[in-house]
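Dear colleague,

I am passing on the structure below, and would be glad if you could look through it alongside the notes that follow.

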Amino acid sequence: MAIPDPIVEGLASGWKHIDASQLSQDQTLEADVVIVGSGAGGGVAAEILTDAGLTVIIVEGGPLKSSESFNMEERRAYPNLYHQAAAMKTKDKAIGIFQGRAVGGSTTVNWTTSIRTPKPTLDFWAKDKSVQGLSREELDPWFDKMEKRLNISKWEYEPNRNNQALKLGCENLGWHYTVIKRNVKGCWNTGYCGMGCPVNAKQSMLVTTIPAALDKGATLVSRAKVIELEHHNDKILAVKAQALNEQMQPTEVKLVFKAKHYIIAAGAIHTPTILLRSNLADPHELLGKRTFLHPTLLSGAIFSDPINGHSGAPQSIYSDEFVWKHGAASGELGYKLEVPPVHPVLIASKTIGYGKTHAALMEQFNQLQVTIALIRDGYHEQSQGGQVQLTDTGFAIDYPLNETFWRSVRRAFGSMAELQFAAGAKRVLPITEGAPYLNSWKEAKSAIETLDLGPLKTVVASAHVMGGCPMGEDTKLSMVDSQGNSHYYENLSVMDGSVFPTSLGANPQLTIYGMTARNATLLAERLKSSS
């Protein structure tokens, strides 16, 4: 039975929601706190601050959708719920990037994987990035709190065949694997999380923290694109935004938001973009630098029995066999092994070839298993990430892929092929131009050594954008302190994945939930004590 739609019920009950596309006149709104962004950071902060009795305005560039809009069709989901219709790419077009664009941010369309921040990541941040107070022991109570709030628990059902192949390959090879925790309640196990949950089972910000904040009087303004922050000396004075129409194009209507405190939680692309566009203090030129993507490779495998990778929980098994094998910063780059959901448009757009070759691959769609390897970036001296840059029309992400990266890609293709053959694959196809179908692990091992890898030849994707506004106590390394507060503006905080000093080596949503829960609670206490 579908869970009632909290958006429909909330709007009927009188929530304060302003769809900026419907405005015909300029508006100025005021509150104790203005939050830019409604994803993992903005949603959690909004609930905690309203719980504390503060008035809150949430400003979101995307539209307010609900399960009534989620019809499990890729052709509608990607244009309606993703930035650039899920076709965003880096400056050189070598990496495709998925980012949500709707109330709830990427939590509305992610695959529900919930992993606590790895201890080696936190140890590296403390030792090399001047981050304080974020050990696993200090963070675990906040993870406990958010896991309880968002119903995050180990997936108790049988993995789908796509995930089972990952599990079986690991078992047969003696490799590490773990059952994934998911943020779901009453899940129908359909496998369409990436198109918005049609039954409101996914505990995204859209159906949890945002409704809770609105129930307590918060105001949500959707389809409002933040242009810049107005500031003077060490204070932020206002957030300036532009209304968007239903086609997400700018209108003539301007919006101004004023508050005692401002939280930027627009994600690791848009937070640096807004701050750069506002010409905020940045004496060490850190903004937008060290942007991390977990650049991800794909390996297809044909099985004799149906895989049906479109059906069932998209991700329920992962392997960390190779993430930390060579240490955090020395040796070769580590990579995490997972699987993606296998939907027709998604896979057709992330594979290679055309005409008969591509058609032949798609004819075997139901026997196709796909494994992905997420490269852990930001630790090794030859893995310093990319950069968000302002352009005349918005922003660009420059992310160079160097020889150190390509060595890891070759190793990752080898690991994925070995795993897929160990799981029973008949043939394996590394998703890179010119790669043939490989018929055995022995053949794959030899062929992968000589594959011609490179930008625009090898398919590289990302769904995890991090960094660009790093945290820490050393101002030469960071823009905000370890609690997300600006080093330069007394009433500005950042609460999203842009504060990560490196990538995580794990899917980021639970890290953002936990850290934001801590930082927003501390901020609420400070704001209440000063009022």
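A polar contact here is a pair of N or O atoms within 3.5 Å, where, within protein, one atom must be able to donate a hydrogen and the other to accept it. Please keep in mind throughout that this is a predicted model.

With that definition in hand, I would begin at T432, whose side chain forms a polar contact of 2.7 Å with the side chain of T458. T432 sits in the loop between β21 (427-430) and α12 (441-449), and this residue is buried, with a relative accessible area of 0%, where under 20% counts as buried. Leaving aside neighbours within four places in sequence, T432 is in contact with I352, F413, L451, D452, L453, K457 and T458, so that the T458 of the polar contact appears in this list as well.

Helix α11 (residues 403-422) comes next, a run of 20 residues that reaches 29 Å from its first C-alpha to its last, close to the 28 Å expected at 1.5 Å a residue. Because 14 of its 20 residues are buried, α11 is largely enclosed by the rest of the structure. At the start of α11, a side-chain oxygen of N402 comes to within 3.2 Å of the backbone nitrogen of T404, while just after the helix G424 adopts a positive phi of about 110 degrees.

As for the nonpolar interior, the largest core has 97 residues, and those with the most contacts inside it are V34, L49, W125, L229, F257, I263 and Y513. Helix α13 (residues 509-530) supplies the largest share of this core, namely 9 residues. A second, separate core of 48 residues includes L337, V409, L438 and L451. Returning to V34, and not counting residues up to four places away in sequence, this residue touches I57, V59, V239, F257, K258, A259, H261, Y262 and I263.

Finally, two annotations come from the UniProt record, in both cases from an unreviewed entry. The feature "domain: Glucose-methanol-choline oxidoreductase N-terminal" covers residues 80-295, a span that is 26% helix and 25% strand and whose end C-alpha atoms lie 24 Å apart. The feature "domain: Glucose-methanol-choline oxidoreductase C-terminal" is placed by UniProt at residues 395-515, and in the model this span is 30% helix and 13% strand, with its end C-alpha atoms 27 Å apart.

With best wishes

Key. Residues are numbered from 1 along each chain as its sequence is written. This is a predicted model: local features need pLDDT of at least 70, side-chain atom pairs count only at pLDDT 80 or more; totals for chains, interfaces and linings use all residues. Side-chain values use heavy atoms; hydrogens and water are left out. A nonpolar core is a set of buried Ala, Val, Leu, Ile, Met, Phe, Trp, Tyr and Cys residues joined through side-chain atoms within 4.5 Å. Buried means under 20% relative accessible area, exposed over 50%, partly exposed in between (1.4 Å probe, protein chains only). Helices (H or I, at least four residues) and strands (E, at least two) are DSSP runs, numbered from the N terminus. Contact means heavy atoms within 4.5 Å. The expected span of a helix is 1.5 Å times one less than its number of residues. UniProt positions are given in the numbering used here, feature names are shortened, and annotations may be inferred rather than shown by experiment.
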